[in-house]
Amino acid sequence: MQHELTEILGILKFAGIFAPVFFILLHMMRQFLFLPVGLICMAGGVLFGSVYGTLYSIIGITLSSLLFYGLLRKMPKSLNRFMKIKRKIVGKRMQFSLGQIAILKLIPFIHFSLLSLFVLEITKSFKEYTKASVVSNVPLAFMYSTFGHYIFHLSVVWGIGIAAMMLVLFHLLRKKEWIVKWEDFFEKKENTPAKSA
């Protein structure tokens with residue numbers, strides 16, 4: 001991970017005054033280059049500091065989320081594939097709140113596009129999706145950019161404390177009510193052959 005971070009920093013340092021633009025474009029192309037979101041945000045924290053790194057990361061991640069939205073609308077087969085993956089992982093009745101999605105985005109090994117799909121499921125329009133994406137991207141951008149800025153000063157105790165706080169927040173921000181459709185509650189069972197007496 002440190003090797004990849006060094007490579008990203010090396011590329012962005014040569015960009016000069018256009019480094020913020022290249023950084024935002026890197027966020028947008030991240031899903032095609034298979035780079036972790038957190039890694040790019042950390043690079044932003046190292047290069048631009050925690051404030052500008054967070055700002056550029058919010059812009060880049062949000063544009064990436066909007067690109068994902070556009071691609072899914074143009075390619076319904078990809079949407080169906082993501083829906084199947086989602087059902088395998090969390091089941092068809094499970095729906096996360098926006099706060100829970102924001103916390104899940106902080107976990108590096110969870111697929112970011114899958115989390116964008118969760119945002120898509122809880123919103124009804126493009127405008128609502130954009131707002132929800134920005135809100136859920138802010139903690140991710142802030143946390144990793146700040147971590148990148150202070151990467152050489154943080155201790156293990158701080159890391160454990162932050163992880164524990166995220167678990168508590170994830171539990172507190174869960175949805176308090178569930179809506180179950182009549183068809184889902186009384187799901188039809190497959191026809192089974194009649195037992196012989």
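Me: How do you know which hand to give the crossing where α3 passes α7, left or right?
Reply: This is a predicted model, and in it α3 passes α7 in a right-handed crossing. A clockwise turn of the near helix from the far one, by less than a right angle, is what earns that label.

Me: And what makes α3 and α7 antiparallel rather than parallel?
Reply: Look at the angle. The axes of α3, residues 37-74, and α7 cross at roughly 160° and come within 8 Å. Anything over 145 degrees counts as roughly antiparallel, so α3 is roughly antiparallel to α7. As for what sits in that contact, its residues divide into 18 nonpolar, 16 polar and no charged.

Me: Why is the α3 and α4 pair called roughly perpendicular?
Reply: Helix α4 covers residues 76-90, and α3 packs with it at an angle of about 110°, the axes being 5 Å apart. The perpendicular band runs from 65 to 115 degrees, so α3 and α4 end up roughly perpendicular to each other. On the α3 side you'll find Phe68, Leu72, Arg73 and Lys74, meeting Pro76, Ser78, Leu79 and Phe82 of α4. Sorted by type, the contact holds 5 nonpolar, 1 polar and 2 charged residues.

Me: What makes α6 oblique to α7?
Reply: Here the axes of α6 (residues 112-122) and α7 cross at roughly 135° and come within 9 Å. Over 145 would be roughly antiparallel and 65 to 115 roughly perpendicular; 135° fits neither, so α6 is oblique to α7. The crossing is right-handed. Among the α6 residues in this contact are Phe112, Ser116 and Val119, while the α7 side includes Tyr129, Ser133 and Leu140. The contact as a whole has 7 nonpolar, 4 polar and 1 charged residues.

Me: How do you know whether Ser133 is buried or exposed?
Reply: Ser133 is found in α7, residues 126-149. Its relative accessible area is 1%, and buried means under 20%, so Ser133 counts as buried. Leaving out residues up to four places away in sequence, Ser133 touches Ser65, Lys105 and Val119.

Me: Why is α6 described as largely enclosed by the rest of the structure?
Reply: It's a head count: 9 of the 11 residues of α6 are buried, so the helix is largely enclosed by the rest of the structure. The buried set includes Phe112, Leu114, Ser116 and Leu120. As for what does the enclosing, the buried residues of α6 pack against α2 (19-33), α3, α4, α5 and α7.

Me: What makes Leu72 stand out in the largest nonpolar core?
Reply: That core has 16 residues, and Leu72 is one of the six that touch the most other members, alongside Ile101, Leu117, Phe118, Leu120 and Tyr129. At least two core residues come from each of α3, α4, α5 (98-104), α6 and α7, and α6 gives the most, with 6. Skipping neighbours within four places in sequence, Leu72 is in contact with Ser78, Leu79, Phe82, Leu117 and Leu120.

Me: Which residues belong to a second, separate core?
Reply: Leu12, Ala15, Ile24 and Ile40 are among its 14 residues. Joining takes side-chain atoms within 4.5 Å, and this second core is separate.

Technical notes: Residues are numbered from 1 along each chain as its sequence is written. This is a predicted model: local features need pLDDT of at least 70, side-chain atom pairs count only at pLDDT 80 or more; totals for chains, interfaces and linings use all residues. Side-chain values use heavy atoms; hydrogens and water are left out. Helices (H or I, at least four residues) and strands (E, at least two) are DSSP runs, numbered from the N terminus. Buried means under 20% relative accessible area, exposed over 50%, partly exposed in between (1.4 Å probe, protein chains only). Contact means heavy atoms within 4.5 Å. Axes are lines fitted to C-alpha atoms, for helices over the stretch in contact, and angles run from 0 to 180 degrees between N-to-C directions. Angles under 35 degrees count as roughly parallel, over 145 as roughly antiparallel, 65 to 115 as roughly perpendicular and the rest as oblique. Ala, Val, Leu, Ile, Met, Phe, Trp, Tyr, Cys and Pro count as nonpolar, Asp, Glu, Lys and Arg as charged, and the others, Gly among them, as polar.
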